[in-house]
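Reader: Please take a close look at one pocket in this model. Then work outward to the side-chain pairs and one hairpin.

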Amino acid sequence: MPRSILPSLWLGIALGAGLCGTAAAQVMIVGNDEKASFANGTASVNPPGHDTLTVVDMSKPAALRIVATIPLDNSVIGPPTNLAITPDRSLALVANSVNGVEKDGKPAVASDDRMFVIDLKASPPKVIATVNLGKRPSGMAIAPSGKMALVTNRDDGTISVVTINGNEVKVTDTVKVGEPTDSVSGVAISPDGRRVLATKPAANKIALLTIDGDKVTYDKRDLPVGIFPYNVVIAPNGKLALTADNGSGGGSDGNVDTVSVIDLEANPVRVIDHVTVGDSPEGLAISPKGNLAVTIEARGSNTANTNWFHHPGGAVTVLAINGKKVTRIGEVTVGGLPEGAVFSPDGNYLYVGNFMDKDISVLRVNGTQLRDTGQRFKLPGQPASMRGGPQ
């Protein structure tokens, strides 16, 4: 996700009493990519320098509030999980997969290797460091201890191991989990901080890794899942993992796709089910209550209106979780090219970022039922990625 970092310039502080105490509040961060645009199915690259990171206070889940927006490079290229908040909500980490460049006199993109460290305690929040990772960093997860982050490098087939000590963030190791052609994209850490799952979409596999103290080791064992597993999450109880199997290399193709269900209690760990969902699942989230999961699907909403699989909006597919059984129980239509999704800390709301509409759909959760409130929360840019904190 490309972004040009201009940390000394502030786009604004909106709505309310400023940023004091933001780190203690329940917050969500949203990466806005202004380089990519879609006009009747035609993708284009705009000049760089206008991407931003928005910090949203969600302490009142029904009344979101923007507390800051800062210039920061970001991109819609890759899964919407290139950013995360530490468990104590003091820092935000944002990886940038691609940069805006000029090629043959026209705007284009090239792989980046930067991750930005944002101090959420500062008023206003500010970028305090830049860390160099592998090429095209994409998926990110922070360990429950808050002392380690893992970032996938899509161009390298590796995972960067990052230590967090107060405000000091640095790379301490790089773990190879596949070939560069595997396009390692997403990563999740179990609640006990000991197990790691990483997606290898081009290989249609999930890599298994182990954390022992500050050491991360690839188990040299992969799980076969669905076609192009782009994103992965682990349930709050650590017993189950889900993958969003995109099916078409990160885009829509009109065909149904799947969620793979992984039993993390089994010995050995194994895939136990595949659940059919809609076209092009990319965003993926599990409620903090553990009873509900959602996939966020493009459904061709960024393709030409004349395309047979075009829909004016994307969709949220709702999955009920009962023990190890995952069942599709419904769907809700949202905006154009939805990407990221965040549950409120109490699990009673779901927020979905609509890239093409520059807003967030606010959905109400009642048990395992989702209802569109009709509320759209406007953003200062196109939401390419979203994460709440703590994860």
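Author: Start with the walls: strand 4 supplies the largest share of the lining of the second largest pocket, 3 residues. (Strands are DSSP runs of E, at least two residues, numbered from the N terminus.) The model is predicted, so local features need pLDDT of at least 70, side-chain atom pairs count only at pLDDT 80 or more, and totals for chains, interfaces and linings use all residues. Residues are numbered from 1 along each chain as its sequence is written, and side-chain values use heavy atoms, leaving out hydrogens and water.

The volume of the second largest pocket is about 390 Å³. (A pocket is an open set of 1 Å grid points that take a 1.4 Å probe, with protein on both sides within 12 Å along at least five of seven lines; lining residues have an atom within 4 Å of a point. Volume is the space filled by probe spheres set on the points.) Its lining counts 25 residues. Nearest the centre of this pocket lie F38, V76, I77, G78 and G250. Two elements give two or more residues to the lining: strand 3 (36–39) and strand 4 (42–45).

Now the charged pairs. Side chains of opposite charge can pair when their charged atoms come close. The whole structure holds 19 salt bridges. (Each is a Lys or Arg side-chain nitrogen within 4 Å of an Asp or Glu carboxyl oxygen.) One joins D33 to K35, at 3.0 Å from N to O. Is this pair buried or exposed? D33 is buried, at 1% relative accessible area. K35 is also buried, at 2%. (Buried is under 20%, exposed over 50%, partly exposed in between, with a 1.4 Å probe on protein chains only.)

A further salt bridge links the side chains of D155 and R136, at 3.6 Å, N to O. This pair connects distant parts of the chain, 19 residues apart. D155 sits in the loop between strand 13 (148–153) and strand 14 (158–165). R136 sits in the loop between strand 11 (126–132) and strand 12 (137–142). D155 is partly exposed, with a relative accessible area of 32%.

Next comes D263 with K324, a salt bridge of 2.9 Å from N to O. D263 belongs to strand 22 (residues 257–263), and K324 to the loop between strand 26 (315–322) and strand 27 (325–333), so this salt bridge ties together parts 61 residues apart in sequence. D263 is buried, at 11%. K324 is partly exposed, at 29%. Elsewhere, E297, R299, R328 and E331 form one network through salt bridges that share partners.

K324 leads to the hairpin. Strand 26 and strand 27 pair in the antiparallel sense over 8 bridges. (Pairing takes at least two DSSP bridges.) N322 stands opposite K325 in strand 27. The hairpin has 2 residues between the strands, and G323 takes a positive phi near 65 degrees.

Further back in strand 26 is T317. T317 is buried, at 0% relative accessibility. Its side chain makes a polar contact of 2.7 Å with the side chain of E297, a member of the salt-bridge network. (A polar contact is an N or O pair within 3.5 Å, one able to donate a hydrogen and the other to accept it; residues adjacent in sequence count only if both atoms are side-chain atoms.)

One more polar contact finishes the tour. S385 lies in strand 32 (residues 383–388). S385 is buried, with a relative accessible area of 0%. The S385 side chain contacts the side chain of N82 at 2.8 Å.

Methods: Helix = DSSP H or I, 4+ residues; strand = E, 2+ residues; numbered from the N terminus.
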